[in-house]
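Here is the note you asked for on this model. The points are numbered so that each can be checked against the coordinates.

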Amino acid sequence: MKIGILSIIMMLMAGMAAANSGVLAAVNAERKANGRAALSYDSRLEAAAQAHAKDMARHGFMSHTGSDGSDLAKRLKRVGYNYCFGAENVAFGQQSLPAVMTAWMNSSGHRKNILSRKAKSVGVARATGDRWVMVLGASC
């Protein structure tokens, strides 16, 4: 049976939507358990997270600073996200979403970002070598 390019794209998009809903459910479960409002998923935040995760994988490093010297503010600007609040979590080596969420929730700085009352949206990406980036934001 032949599968057309449109079918392949639709399957990939369905897989991404399922991954996004899993991330959103995990983040919002932590927020609910701590008396915080639920976040929405934002594809621009995901794009910023994905670009940074791929950059770190490509160049073999782990940092909040990109290989080009970019910081979160610059990466958010690149994806057209006009923000009043932005935060970023990075992680390396966790092989699943539950593992990375546990690591982030056990780290005071990462936990603070996830539970921030200022955050309204989230995007998460995972790149080769289990490099994870979570970007939280609130648009102006």
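**Notes on the fold**

1. Start of α2. A side-chain oxygen of D42 comes to within 2.7 Å of the backbone nitrogen of R44, at the start of helix α2. The model is a predicted one, and this distance, like the other values here, is computed from it.

2. Extent of α2. The helix covers residues 43-59, which is 17 residues. From its first C-alpha to its last it reaches 24 Å, close to the 24 Å expected at 1.5 Å a residue. After α2 comes G60, which has a positive phi, near 65°.

3. Overall content. The protein has 5 helices and 4 strands, and along the sequence they follow the pattern α-β-α-α-β-α-α-β-β. There are 140 residues in the protein, of which 39% count as buried. The protein exposes about 7,700 Å², and carbon and sulfur atoms supply 58% of that area. Among contacts with a separation of 6 or more, 66% come from residues 24 or more positions apart.

4. The sheet. The 4 strands form an open sheet with mixed pairing, in the order β1-β3-β4-β2. At the edges are β1 (40-41) and β2 (83-92), each of which pairs on one side only. Helix α2 packs on this sheet and touches β1, β2, β3 (121-127) and β4. The direction of α2 makes about 25° with that of β3.

5. Pairing of β2 with β4. Strand β4 (residues 131-139) is joined to β2 by 9 bridges, and the two run antiparallel. Two pairs can be used to check the register: F92 has R131 of β4 as its bridge partner, and G86 stands opposite G137 in β4.

6. Pairing of β3 with β4. These strands also run antiparallel, joined by 7 bridges. A127 has R131 of β4 as its bridge partner, while A125 stands opposite V133 in β4. R131 is thus listed as bridge partner both for F92 and for A127. The hairpin of β3 and β4 has 3 residues between the strands, and G129 in this hairpin takes a positive phi near 80°.

7. Pairing of β1 with β3. Here the strands run parallel, with 2 bridges joining them. Y41 has V122 in β3 as its bridge partner.

8. Burial of the strands. How many residues of β4 are buried? The count is 8 of the 9, so β4 is largely enclosed by the rest of the structure. β3 is mostly covered as well, with 6 of its 7 residues buried.

9. Second helix on the strands. Helix α4 (residues 97-105) lies across β2 and β4. It runs at about 65° to β4.

10. Buried residues of α2. These are L45, E46, A48, A49, H52, A53, D55 and M56. The list includes E46, H52 and D55, and a reader setting up protonation states may wish to look at those positions.11. H52. This residue is in helix α2. Is H52 buried or exposed? H52 is buried, because its relative accessible area is 1% and the cut-off for burial is under 20%. Leaving aside neighbours within four places in sequence, H52 is in contact with S63, H64, T65, G66, R75, E88, V90 and V133. Of these partners, V133 is the residue that A125 stands opposite in β4.

12. Q50. This residue is also found in helix α2. With a relative accessible area of 22%, Q50 is partly exposed. Which residues does Q50 contact, leaving aside neighbours within four places in sequence? They are A125 and R126. Q50 and V124 are 74 residues apart in sequence, and their C-alpha atoms are 7.3 Å apart in space.

Definitions and conventions: Residues numbered from 1 in each chain as written. Predicted model: local features only at pLDDT ≥ 70, side-chain atom pairs only at ≥ 80, totals over all residues. Heavy atoms only, no water. Buried < 20%, exposed > 50% of the residue type's maximum accessible area, 1.4 Å probe, protein only. Contact = heavy atoms within 4.5 Å. Areas by Shrake-Rupley, 256 points an atom, 1.4 Å probe, with all protein chains shown as cover. Expected span 1.5 Å × (residues − 1). Polar contact = N/O pair within 3.5 Å; in protein donor to acceptor, adjacent residues only side chain to side chain. Pairing = 2+ DSSP bridges. Axes fitted to C-alpha atoms, helices over the stretch in contact; angles between N-to-C directions.
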